[in-house]
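Colleague: I've got a structure open and I'd like to find my way around it. Can we go through it bit by bit?

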Amino acid sequence: MSEQIQDSTRELVDVEHLAKSFGEHEVLTDVSFTIERGGVTTIIGPSGSGKTTLLRSLNALEIADTGVVRIGDVTVDFEQVKPDRHGHLKKSVRQQLARLRAQSGMVFQSHNLFPHKTVVQNLIEGPVVVQRVPVSEARSEATRLLEQVGLAEHADKYPYQLSGGQQQRVGIARALALKPSLVLFDEPTSALDPELVGDVLAVIKDLAAAGWTMAIVTHEVRFAQQVSSQVLFIDGGLIVERGGPEVIAEPQQERTRKFLKRIL
Ligand code: ADP
């Protein structure tokens, strides 16, 4: 394992040579990058290029075929994550995957809130049930988070009483309630009506300013340009271009230029 992987001070995330196929279809070919603590990494690229698969591999919702993912002090070498002939993973491997998952919180395209629970109940469920946080503590943390996403006055409403954008902001607060070291967003605005997109993007900007480390798959390229400390342009299962917001402002690669020309 490289020295880079063992240096857990500056970089929160280290991905080395990640590869993933679905059957014959090689979706991620050989993907390596790092994410600094407190930074916002956006992942952009054409539809079907492997962005979501890459994001899901970071918290083992997708099990990569090969490669290494380190988040904080948890490292998983996917070469070791192979089921036995009965299709089972070793207990130690399952535990390591669970530790990797616990490092990150995922915000999905549509929020997946519990419909029969109020906003605040949605927020305290994870901390209380999974992390055994006392209810009173989880409630005060939930109140603080709802203030942060601008929904303090909606704490006792049910999801159906909120707009799509408000529901998505609850989804973000719920991911933060587990205090992950990394927050993953999978196209957080793509299921929203256009007039609601701005509010969700504003919350993500606030979180960036508050120092959360985030990785965001997005097709909101202008937003990505404003918020990113790092942009990954992925195409055909490879990172074609990686850098700061200048990847969007002044792309160096022909494939990046072509993609941006098509969508801007
Ligand atoms: P993107 O997020 O860039 O649109 P995805 O990572 O969602 O791309 O998908 C990349 C490719 O992998 C697509 O061709 C998609 O159909 C395929 N794919 C994704 N998930 C699965 C799966 N569970 N089974 C089979 N193919 C999949």
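Colleague: Which helix gives the largest share of the shell around the ligand?

Modeller: Keep in mind that this is a predicted model. The ligand has Phe-22, Val-27, Gly-45, Ser-47, Gly-48, Ser-49, Gly-50, Lys-51, Thr-52 and Thr-53 around it. With 3 residues, the largest share of that shell belongs to helix H2, residues 51–58.

Colleague: And how many residues of that shell are polar?

Modeller: Sort the shell by residue kind: 2 residues are nonpolar and 1 is charged. Glycine counts as polar in this sorting. The polar count is 7.

Colleague: Is Phe-114 buried or exposed?

Modeller: You'll find Phe-114 in the loop between strand E6 (104–107) and helix H4 (119–130). Leaving aside neighbours within four places in sequence, Phe-114 is in contact with Asn-122 and Glu-125. There are 12 other C-beta atoms within 10 Å of Phe-114. A residue with 12 or fewer counts as exposed, so Phe-114 is exposed.

Colleague: What distance separates the C-alpha atoms of Phe-114 and Pro-159?

Modeller: Along the chain, Phe-114 and Pro-159 are 45 residues apart. In space, their C-alpha atoms are separated by 7.8 Å.

Colleague: Which helix gives the most to the largest nonpolar core?

Modeller: That core has 64 residues, and those with the most contacts inside it are Ile-43, Ala-173, Val-183 and Ala-215. The helix giving the most to this core, with 6 residues, spans 164–177: that's H6. As a look at one of the well-connected residues, Ala-215 touches Ile-35, Thr-41, Ile-43, Leu-55, Leu-58, Leu-182 and Leu-184, not counting residues up to four places away in sequence.
So the name you asked for, going by the 6 residues given to the core, is H6.

Colleague: Which helices are included in what covers the buried residues of H4?

Modeller: H4 has 12 residues and reaches 18 Å from its first C-alpha to its last, close to the expected 16 Å. Its buried residues are Val-119, Val-120, Asn-122, Leu-123, Ile-124 and Pro-127. Their cover includes helix H5 (135–148) and H6.

Colleague: Which residue takes a positive phi just after H4?

Modeller: Look just past the end of H4 for a phi of about 60°. The residue with that positive phi is Arg-132.

Colleague: Which residue in the hairpin of E9 and E10 takes a positive phi?

Modeller: Strands E9 (residues 230–235) and E10 (residues 238–243) run antiparallel, joined by 5 bridges. Val-231 stands opposite Gly-243 in E10. The hairpin has 2 residues between the strands, and the residue with a positive phi near 60° is Gly-236.

Conventions:
Residues are numbered from 1 along each chain as its sequence is written. This is a predicted model: local features need pLDDT of at least 70, side-chain atom pairs count only at pLDDT 80 or more; totals for chains, interfaces and linings use all residues. A residue is near a molecule or strand if its C-beta atom, placed from the backbone, lies within 6 Å of it. Helices (H or I, at least four residues) and strands (E, at least two) are DSSP runs, numbered from the N terminus. A residue is buried if 20 or more other C-beta atoms lie within 10 Å of its own, exposed if 12 or fewer, and partly exposed in between; C-beta atoms are placed from the backbone. Two residues are in contact if their C-beta atoms, placed from the backbone, lie within 7 Å. A nonpolar core is a set of buried Ala, Val, Leu, Ile, Met, Phe, Trp, Tyr and Cys residues joined through C-beta atoms within 7 Å. The expected span of a helix is 1.5 Å times one less than its number of residues. Two strands pair if DSSP finds at least two bridges between them.
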